[in-house]
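Reader: I'd like to walk through this structure with you, one bit of geometry at a time. Can we start with what sits on the sheet and work outwards?

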Amino acid sequence: MSRTFVAGVGMVPFATPRTAEPYDVMAPAAIRAALTDAGVELADVQQAYAGYVYGDSTSGQRALYRVGTTGIPVVNVNNNCSTGSSALFLARQAVASGAADCVLAFGFEQMERGALAIKWPDRPSPFVDFMAIAEERNGASEAPFAAQLFGGAGAEYAERYGVAPETFAKVAVKARTHAANNPFAVFRDPVTVEQVLASPQIFGPLTRLQCCPPTCGAAAAIIVSEEFARARGLRTTVAIAAQAMTTDGAATFDGSLMNLVGADMSRRAADQVYEAAGVDPGDVRVVELHDCFTANEILSYESLRLTPDGTAEKFIEDGDNTYGGAVVTNPSGGLLSKGHPLGATGLAQCAELSWQLRGEAGARQVDGATLALQHNIGLGGAAVVTLYERGDR
């Protein structure tokens, strides 16, 4: 497998459904930005992987055709909230295997207002088994299904380790603090713990300000081989050191709501990445992780081995999840504050971490970052973990 590099990234500012442009405007803008950042033309791209969840078939072609029609293979990808990283996973595989030297991964979402809902009620839902376990544990609820799952997982964690509601709220406060320095983020105004806890109750420990909003946006990345980069004089500052995708195993359905929302799946992916790269989790200084709800950020600290099991509350109280601590988590503001346009999220994470390793993150810059970890999950399910490292130039 050949070494792969992120030659360029691009994204558009995320927006609420009420204010966003259509996907065939947002996605081309992100693609053009990535091409310019990489210093390549669309004609140099040999394959493209387009990630989106809500849209008709071949929407990826529609988005790319607004940039140009070169006749290359375009593969449309849908893996729920891990869609963007799944497109990235396929792009990296294509380059690493030698099938292509320059590949475009892009993701976009034009979302509707309101909480996520089951889109196709006339056929079996992929979440039937998930909701059956959640309802057995929590009883029936009118809350949005994702909030039931993640809120239930948060309640299980709080009960198991004696975590206070304020701990969950502090994650939302941290997200807003980081997002204040990100011009691409939707929610940049600060909030307090008291405001977070006073916002409407959704499910379990989750209040409204602890749930990521429906968001529209697009992001893209250009993945190249080392040979292609050197032949074209492209930057090799950001290398993909290791990457893994896992899906649900038996532990997902063992009755634990924490595993039901991906804790085990994420841990297996992270362990594969650490082993493949020969890296200790303690060496990572910046992480973009999947904080669709505050509860999942807390679970992810431990799944990614940033802190031992049961210690997330101390990790937060000690400030080890932010600047000046052990590792800066979600310097972009994360899904909670930057926003979560499903198909774009994984590629927006890639963009943020590329800027961090290039030293181009401005006020968000994490000092001394040479390794960066990305974590993106989708229920139903898939977890993608990617480790980036600084290249040579």
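**Sheet, helices and buried residues**

Author: Sure. Helix H10 (residues 263-277) lies across strand E8 (238-246), strand E11 (371-378) and strand E12 (382-390), and runs at about 140 degrees to E8. Keep in mind that this is a predicted model.

Reader: Which strands are the edge strands of the open sheet?
Author: The sheet is open and has 10 strands, with mixed pairing, in the order E3-E2-E4-E7-E1-E8-E12-E11-E9-E10. An edge strand here pairs on one side only. That leaves strand E3 (74-77) and strand E10 (328-329).

Reader: How do E1 and E7 run, parallel or antiparallel, and which residue of E7 stands opposite Gly10?
Author: Strand E1 (residues 4-11) and strand E7 (residues 217-225) are joined by 7 bridges and run antiparallel. Opposite Gly10, in E7, you'll find Ala220.

Reader: Back to E11. How many of its residues are buried?
Author: In a regular strand, side chains alternate between the two faces of the sheet. In E11, Leu371, Leu373, His375 and Ile377 point one way, while Ala372, Gln374, Asn376 and Gly378 point the other way, and all are buried. So the strand is mostly covered, and the count of buried residues is 8 of 8.

Reader: What are the pairing senses of E11 with E9 and with E12?
Author: Strand E9 (residues 286-288) is joined to E11 by 3 bridges, and Glu288 stands opposite Gln374 there. E11 and E12 pair over 8 bridges, with Gly378 opposite Ala382. The E9 pairing is parallel, and the E12 pairing is antiparallel.

Reader: Which residue in the E11-E12 turn has a positive phi?
Author: E11 and E12 form a hairpin with 3 residues between them. The phi in question is about 115 degrees, and it belongs to Gly380.

Reader: Now helices. What is the packing class of H3 against H14?
Author: Two packed helices are described by the angle between their axes and the distance between the axes. For helix H3 (residues 83-96) and helix H14 (residues 342-358), the angle is about 60 degrees and the axes are 5 Å apart. That makes H3 oblique to H14.

Reader: And how many charged residues does that contact have?
Author: H3 brings Thr83, Gly84, Ser85 and Leu88, and H14 brings Leu342, Gly343, Gly346, Leu347, Gln349 and Cys350. By class, that gives 4 nonpolar and 6 polar residues, and the charged count is none.

Reader: How far apart are the end C-alpha atoms of H6?
Author: Helix H6 (residues 165-179) has 15 residues, and at 1.5 Å a residue it should span 21 Å. The model agrees with that, as the end C-alpha atoms are apart by 22 Å.

Reader: How many residues of H6 are buried, and what do they pack against?
Author: H6 is mostly covered, with 11 of its 15 residues buried; Lys174 and Arg176 are among them. Their packing partners are helix H5 (145-161), helix H7 (193-198), H11, helix H12 (312-317), E10 and helix H13 (334-337).

Reader: Is Thr167 buried or exposed?
Author: Thr167 is in helix H6 and touches Ile298, Glu313, Ile316 and Glu317, leaving out residues up to four places away in sequence. Its relative accessible area is 2%, and the cut-off is under 20%. Therefore Thr167 is buried.

Reader: Last one: where is Asn296 found, and what does Asn296 touch?
Author: Asn296 belongs to helix H11 (residues 294-303), and at 3% relative accessibility it counts as buried. Not counting residues up to four places away in sequence, Asn296 touches Phe150, Val261, His290, His375 and Ile377.

Key. Residues are numbered from 1 along each chain as its sequence is written. This is a predicted model: local features need pLDDT of at least 70, side-chain atom pairs count only at pLDDT 80 or more; totals for chains, interfaces and linings use all residues. Side-chain values use heavy atoms; hydrogens and water are left out. Helices (H or I, at least four residues) and strands (E, at least two) are DSSP runs, numbered from the N terminus. Buried means under 20% relative accessible area, exposed over 50%, partly exposed in between (1.4 Å probe, protein chains only). Contact means heavy atoms within 4.5 Å. Axes are lines fitted to C-alpha atoms, for helices over the stretch in contact, and angles run from 0 to 180 degrees between N-to-C directions. Angles under 35 degrees count as roughly parallel, over 145 as roughly antiparallel, 65 to 115 as roughly perpendicular and the rest as oblique. Ala, Val, Leu, Ile, Met, Phe, Trp, Tyr, Cys and Pro count as nonpolar, Asp, Glu, Lys and Arg as charged, and the others, Gly among them, as polar. Two strands pair if DSSP finds at least two bridges between them. The expected span of a helix is 1.5 Å times one less than its number of residues.
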